[in-house]
Amino acid sequence: MLDSALSPPTRPARAELLVRWGGAAVGAAAAWTVAHGAALGLGVLHALPVFAVCVTAGVLAADAQAPGPGGAVRRASLVPRRVRDVLPARFALLLAAEAAVLLALLAVAALTASPDDMGRAGRTLSVACGSLTQSRGPWPGLFYGVPLLVALAVGTAACGYALRRITGRPVPGGDSAAAADARRRRERARVVTAAWGLLVSAPLGGTALFASGALRSLSCVGPLVHTAGLLLLPVAAVAAGTALWSLLTVLAPPASLRSRP
């Protein structure tokens, strides 16, 4: 009944939205399971990329099931189609900056990490102040950083593949059809970019928050270390805002549904 009331161009958009929502629902369930099934701080830290990877998979599945241009007429332009032409430029630059901050933070954390009292490498931050040694954790060393980097690498490859596929899809014949197709390309590229944004910003927020808490809890260090811990708080806040914006972009209905009377 409901599908029959929708216009033919609207049905694929509705199906695309449902697939994206399905990926987010699976991601929320998986993140909840991970967060409550792992100890040592791994649950919360790893739930973020697990959710982001599932959302990314939903976006890829939605793009895969979206129908291509119909008809036998195709046309090709002499101007090469590039991924950067369909990307949301400012949003992509923000995410690239956050990815650089995340990699730098994980690198510094890996170099300064110490084993915990059970010998697990890269889990705590230890500081010696004369005869006093303080250890704080969880610290985002390799114990936590390696799974984050693996999730980021897998998600980046998947999103890159999706963007190449969106960019290289055939163009339908007719000026109006080509213009509508260009809008759909930009919209899907924005959604894929937002899915990658979840992969970057959610782990960055968690990593910065964990590192900030560890640095600020050290009592035998100078004000420089405490200041570094305080500076990580706005980084976590910006990353959380970016993650929320990315999630809303992924879950937002396609333009063809939003424009319905």
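Gly 58 is found in helix 2. The structure described here is a predicted model. At 5% relative accessibility, Gly 58 counts as buried, because buried means under 20% relative accessible area. Its C-alpha atom lies 9.1 Å from that of Gly 27, and the two glycines are 31 residues apart in sequence.

**Overall fold**

The protein has eight helices and five strands. Their order along the sequence is α-α-β-α-α-β-β-β-α-β-α-α-α. The protein has 261 residues, and 40% of them count as buried.

**A second position, in helix 4**

Ala 97 belongs to helix 4, which covers residues 89-112. Is Ala 97 buried, exposed or partly exposed? Ala 97 has 41% relative accessibility and therefore counts as partly exposed, as this value falls between the 20% limit for buried and the 50% limit for exposed. Along the chain, Ala 97 and Val 200 are 103 residues apart, while their C-alpha atoms are separated by 9.8 Å.

The two residues and their partners are set out below.

| Residue | Relative accessibility | Partner | Separation in sequence | C-alpha separation |
|---|---|---|---|---|
| Gly 58 | 5% | Gly 27 | 31 residues | 9.1 Å |
| Ala 97 | 41% | Val 200 | 103 residues | 9.8 Å |

**Internal cavities**

Rolling a probe the size of a water molecule over the atoms shows where empty space is left. In this model, three cavities of 30 Å³ or more are counted. The largest cavity has a volume of about 50 Å³. Which residues line the largest cavity? The lining is made up of Glu 16, Arg 20, Val 59, Ala 62, Asp 63, Ile 166, Arg 188, Val 191 and Val 192. Helix 1 (10-37), helix 2 (42-65) and helix 6 (175-216) are the elements that give two or more residues to this lining. Helix 2 is also the element that holds Gly 58.

By class, five of the lining residues are nonpolar and four are charged, with no polar residue in the lining of the largest cavity. The charged residues are Glu 16, Arg 20, Asp 63 and Arg 188, since Asp, Glu, Lys and Arg count as charged.

**A nonpolar surface patch**

On the surface, Leu 142, Val 146, Val 150 and Val 154 form a nonpolar patch. Together these four residues have about 340 Å² of accessible area. Leu 142 lies in helix 5, which runs over residues 142-168.

Note on methods:
Residues numbered from 1 in each chain as written. Predicted model: local features only at pLDDT ≥ 70, side-chain atom pairs only at ≥ 80, totals over all residues. Heavy atoms only, no water. Patch = residues over 30% accessible without salt bridge, like charges linked within 9 Å, V, L, I, M, F, W, Y side chains within 5 Å. Areas by Shrake-Rupley, 256 points an atom, 1.4 Å probe, with all protein chains shown as cover. Salt bridge = Lys/Arg side-chain N within 4 Å of Asp/Glu carboxyl O. Helix = DSSP H or I, 4+ residues; strand = E, 2+ residues; numbered from the N terminus. 1 Å grid on protein atoms, 1.4 Å probe; cavity = no way out; pocket = protein on both sides within 12 Å on 5 of 7 lines; lining within 4 Å. Points joined across faces, edges and corners; volume = space filled by probe spheres on them. Buried < 20%, exposed > 50% of the residue type's maximum accessible area, 1.4 Å probe, protein only.
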